[in-house]
Amino acid sequence: MLLIGATDLAAAFLFLFGLKRMSSPVTAPSGIRLAGIGMLAAIAASFLYALHVSPAASPHLLANVALALVALAVGGSFAWWSGRKVAMTAMPQMVALYNGMGGGAAGAIAAVELFGGHVQDLSVAIVTLLGAMIGSVSLSGSLIAWAKLDGILSHPLRVPGQRVANGTVSVVTLLLGIYIAVVLQSGVAPVIALPSLIALFFGFGLLLGIMITLPIGGADMPVVISIYNAFTGVAVGLEGYVLQNPALMIAGMVVGAAGLLLTLLMAKAMNRSVANVLFTNFGTPVAHKQGDIVGELKPMAPGDAGIAMRYANKVIIIPGYGLAVAQGQQKLYEFVKLLQAAGVEVKFAIHPVAGRMPGQMDVLLAEAGVPYDLIVQLDDINDDFATTDVALVIGANDVVNPAARTDPSSPIFGMPILNADKAKQVFVVKRGDGKGYADIVNPLFYGANCNMVYGDAQAVLVKMIEAVRGLGLSVAA
């Protein structure tokens with residue numbers, strides 16, 4: 001038992017230290033590796049506990065250990081294969097799936113405890129059922145989020161009275177959980193068989209996750225992912241308390257707290273309170289009448305835009321989901337190195353909700369090898385646009401929409417944006433005149449200082465590179 005306790009303590013330390021290392025892009029890779037080693041230590045502690053248990057006390061011990069090893073082999077192999085195979089554009093879907101599996105695992109622990117009759121104390125029953133409910137919501141909600149991100153569910157499903165229905169299912173689930181907890185503590189046989197009530201409770205929890213997530217539009221997916229990430233952490237922490245497993249408790253609390261902080265950050269970046277996100281207008285389209293757009297769209301050839309940036313003194317690049325779709329990050333950094341060789345100062349401006357999951361743009365640029373000191377967050381770079389010669393927007397829309405500052409009728413009014421419109425010249429790389437997730441026209445595109453560079457981001461960047469190289473410049477590999 002001393003060895004088990006020491007292993008659990010080592011796992012907890014590695015979780016916390018790994019998370020601390022993840023706070024910086026420079027140390028994040030080592031932080032991820034340390035947290036992974038911590039998870040291996042937590043798994044080792046579980047097997048050590050199994051070896052400590054007498055076979056007489058648990059006649060199915062060997063069979064359970066064998067099943068656990070098979071599950072680890074299958075799950076680990078699939079995760080390794082899928083992790084190496086997944087494209088950057090599919091990363092949000094993978095995160096949603098893995099997050100859902102965490103919630104499902106917490107729910108499975110609760111199911112084993114409840115159906116196995118291991119829960120007798122009222123406080124333990126309440127914690128178990130609460131973890132089961134949160135885990136079930138996270139599982140089904142994350143699966144719906146995955147389907148939305150993957151295009152399987154292309155449109156939000158909204159019906160009249162949806163909030164009332166969601167509220168009713170929530171209340172029924174809570175009341176059913178309270179009833180089950182009282183029955184477990186009292187030992188009195190219920191009218192309906194207890195296993196049936198427990199199964200009904202899990203069913204309502206899964207239904208609630210589906211009903212909450214179906215009405216949510218694609219623009220809110222970064223917030224959805226962070227919320228369900230927090231839910232999964234809380235559920236795991238609660239079930240860790242039920243099992244009296246320190247590693248699960250600490251890991252759950254760390255994930256839950258990180259997910260909550262990330263949710264607050266996302267809500268702030270969208271100018272919405274968490275209460276508004278969760279309970280008010282989450283995913284509901286806002287009726288609005290957009291103000292008149294002044295100006296016209298002015299196309300420009302990619303080569304001309306590339307040459308203009310070569311002769312600029314300062315360029316800020318704003319990546320969006322369109323860059324990820326085009327897989328143009330490698331060509332983008334190749335173009336940036338050409339500009340730097342010509343003496344141009346280049347930085348990347350990152351909006352917290354750019355892309356389809358938190359941090360997607362940072363990961364995208366890191367994959368291309370962009371140095372971390374060139375990547376700057378919204379609050380730290382917004383003042384620089386006024387002194388910038390060229391702002392290059394690649395596949396972004398709503399995060400650079402000046403209507404958020406100027407048009408009170410806009411649904412994104414008040415949302416912090418990157419001040420690209422304040423640059424002397426703006427080039428916007430887009431495939432067409434799409435309106436983005438918020439489904440509103442961006443007046444920036446019609447501004448006197450803006451030109452549209454139409455085409456796939458990677459193809460456009462290739463032409464920009466060719467144009468700059470045609471001037472006789474070169475850069476060391």
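## A walk through the model, stop by stop

Select Q244 to begin: this residue is found in the loop between α8 and α9 (246–269). Helices (H or I, at least four residues) and strands (E, at least two) are DSSP runs, numbered from the N terminus. Before moving on, note that this is a predicted model, in which local features need pLDDT of at least 70 and side-chain atom pairs count only at pLDDT 80 or more, while totals for chains, interfaces and linings use all residues. Residues are numbered from 1 along each chain as its sequence is written, and side-chain values use heavy atoms, with hydrogens and water left out.

Back at Q244, check the backbone: phi is near 55 degrees, a positive value in a residue other than glycine. Most residues other than glycine have a negative phi. Is Q244 buried or exposed? With a relative accessible area of 54%, Q244 is exposed. Here buried means under 20% relative accessible area, exposed over 50%, and partly exposed in between (1.4 Å probe, protein chains only).

**Zoom out**

Now show the whole chain as a cartoon. You should find 17 helices and six strands, with a C-alpha trace spanning about 80 × 55 × 35 Å along its principal axes. Of the 477 residues, 46% are buried. If you switch on the surface, the protein exposes about 22,600 Å², and carbon and sulfur atoms supply 67% of that area; the areas come from the Shrake-Rupley method with a 1.4 Å probe, and for residues only the protein chains shown count as cover.

Contacts (heavy atoms within 4.5 Å) reach well along the sequence: among those with a separation of 6 or more, 78% are between residues 24 or more positions apart.

**Two helices to select**

Select residues 122–149, helix α5. Its 28 residues reach 40 Å from first C-alpha to last, close to the 40 Å expected at 1.5 Å a residue. The expected span of a helix is 1.5 Å times one less than its number of residues. Colour α5 by accessibility and you will see that it is mostly covered, with 20 of its 28 residues buried. Then click on G151, which follows α5 and has a positive phi, near 85 degrees.

Next, select residues 194–213, helix α7. Its 20 residues should span 28 Å, and the end C-alpha atoms are 29 Å apart, which agrees. Show the side chains of its buried residues, among them L194, L197, I198, F201 and F202. Which helices do the buried residues of α7 pack against? They pack against α4 (91–115), α5, α6 (162–186) and α8 (221–243).

**Charges and salt bridges**

Colour Lys and Arg as positive and Asp and Glu as negative, leaving His and the chain ends uncounted. There are 26 positive and 26 negative side chains, and the centres of the two sets lie 3 Å apart; each charge is placed at NZ of Lys, CZ of Arg, CG of Asp or CD of Glu.

A salt bridge here is a side-chain nitrogen of Lys or Arg within 4 Å of a carboxyl oxygen of Asp or Glu, and the count comes to seven. Centre the view on K347, which is partly exposed at 24% relative accessibility. K347 forms one salt bridge with E345, the closest N and O atoms being 3.9 Å apart, and another with D384, at 3.8 Å. The K347–D384 pair links distant parts of the chain: K347 sits in strand β2 (residues 345–350) and D384 in the loop between α15 (378–381) and β4 (390–394), 37 residues apart.

Move to R405, whose salt bridge with D421 has its closest N and O atoms 2.5 Å apart. R405 lies in helix α16 (residues 403–406) and D421 in the loop between α16 and β5 (425–430), so the pair ties together parts that are 16 residues apart in sequence. Then select K331, E334 and R469, which salt bridges with shared partners join into one network.

**Last two stops**

Select Q327, in the loop between α12 (321–326) and α13 (329–341). Its phi is near 50 degrees, a positive value in a residue other than glycine, and at 34% relative accessibility Q327 counts as partly exposed.

Finish at P299, in the loop between α10 (274–280) and α11 (302–310). At 60% relative accessibility, P299 counts as exposed. Leaving aside neighbours within four places in sequence, P299 is in contact with N451, M452 and Y454. Draw a distance from P299 to A6: the two are 293 residues apart in sequence and 65 Å apart in space, C-alpha to C-alpha.
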